[in-house]
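Reader: Please take a close look at a single part of this structure, working from one residue and its contacts. After that, set the part beside some others and the chain as a whole.

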Amino acid sequence: MIDACTIKSNSYGLTLVLSQEADFETMIREVCAKFAEAKHFFGKTDLILRVEGRELTGQQMAVLAEAIELNSMIHIILIDEKDELKDVRMAERKDRFYFEEYYKNAKIIPSTVKKDETVESDGSILILGDVKKNSTVTARGNVVVCGEVCGNVHAGCEGEKGCFVVANSFKSAKVQIADISGDFTSGKRKLFSRSSQFEPYAVVLWEGVLLHEPLSNGIVKQVVNREDDQHIS
């Protein structure tokens with residue numbers, strides 16, 4: 001069995017050696033598992049992460065950083081790729097997706113969902129590209145799109161009203177959560193950017209109505225917390 005990633009220490013942090021043979025989804029799952037297992041070994045620390053073995057896009061690098069932080073107490077300050085320091089943080093920590101198990105369970109699509117293409121998952125879906133016009137994405141859980149949504153996206157397809165859809169932007173997109181659907185268009189924004197003028201949008205179901213708001217407004221957190229309270233009660 002091929003190790004998708006190997007963790008090594010260096011003088012200023014950690015080096016993550018990534019396999020060129022493993023697909024990106026497998027690699028992320030292994031990263032989640034290894035850092036979760038070694039969570040207490042690394043402890044709470046700030047560090048620079050060096051990446052070796054394969055080239056990643058900016059979006060993939062951001063997913064990798066989030067996967068590590070969500071499964072450990074590590075805060076990645078910068079990523080060192082080929083001796084070049086890169087900042088891949090999102091605008092603010094409050095813009096995180098508020099669910100720690102996402103990267104363990106999500107189906108990861110490492111490219112754009114093309115026209116007339118269909119993608120389905122019995123869990124959540126993370127798409128590293130766009131959702132083109134006339135394409136369809138259906139998930140039992142949540143859908144997060146690092147690009148623009150122009151097609152059809154259905155989250156909570158088995159009736160789960162607490163699910164949500166997050167994307168850089170929506171352009172004449174048809175979004176459905178559980179059994180409620182609507183058409184949405186938002187400004188084009190950058191999901192992985194430090195600038196406060198850029199932020200993703202979220203579509204959630206609240207009191208039977210689909211709401212379309214900037215992620216920083218906290219609407220996703222309110223929905224997730226409400227669902228957790230209902231499950232407890």
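Author: In this predicted model, Glu213 is in contact with Tyr201, Ala202 and Ile219, once its neighbours within four places in sequence are set aside. The residue belongs to strand β16, which covers residues 209–214. Is Glu213 buried or exposed, or does it fall in between? Its relative accessibility is 24%, and burial requires a value under 20%, so Glu213 counts as partly exposed. Val203 gives a further distance for this part: its C-alpha lies 6.7 Å from that of Glu213, with the two positions 10 residues apart in sequence numbering.

Ser121 is a second strand residue to set beside Glu213. Ser121 sits in β7, the strand of residues 118–121. Its relative accessibility is 14%, and Ser121 therefore counts as buried. Leaving out residues up to four places away in sequence, Ser121 touches Lys107, Thr138, Ala139 and Arg140.

Next come the helices. Helix α3 runs over residues 58–70 and has 13 residues. From first C-alpha to last, α3 reaches 18 Å, close to the 18 Å expected at 1.5 Å a residue. Of its 13 residues, 10 are buried, so α3 is largely enclosed by the rest of the structure. The buried residues are Gln60, Met61, Ala62, Val63, Leu64, Ala65, Glu66, Ala67, Ile68 and Glu69. That list includes two glutamates, Glu66 and Glu69, whereas Glu213 in β16 is partly exposed.

One packing partner of α3 is helix α1, residues 24–37. The two helices pack at an angle of about 25°, and their axes are 9 Å apart. Angles under 35 degrees count as roughly parallel, and α1 and α3 are therefore roughly parallel to each other. The crossing of α1 past α3 is right-handed. On the α1 side, the contact is made by Phe24, Ile28, Val31, Cys32 and Phe35; on the α3 side, by Gln60, Val63, Leu64, Ala67 and Ile68. By class, this contact has 9 nonpolar residues, 1 polar residue and no charged ones. The α3 residues in the contact, Gln60, Val63, Leu64, Ala67 and Ile68, also appear among the buried residues of that helix.

As for the whole, the protein has 5 helices and 16 strands. Buried residues account for 51% of its 233 residues. Of the contacts between residues at least 6 apart in sequence, 42% join residues at least 24 apart.

Technical notes:
Residues numbered from 1 in each chain as written. Predicted model: local features only at pLDDT ≥ 70, side-chain atom pairs only at ≥ 80, totals over all residues. Heavy atoms only, no water. Helix = DSSP H or I, 4+ residues; strand = E, 2+ residues; numbered from the N terminus. Expected span 1.5 Å × (residues − 1). Buried < 20%, exposed > 50% of the residue type's maximum accessible area, 1.4 Å probe, protein only. Axes fitted to C-alpha atoms, helices over the stretch in contact; angles between N-to-C directions. Parallel < 35°, antiparallel > 145°, perpendicular 65-115°, else oblique. Left-handed = near helix turned anticlockwise from the far one by under 90°. Contact = heavy atoms within 4.5 Å. Nonpolar A, V, L, I, M, F, W, Y, C, P; charged D, E, K, R; others polar.
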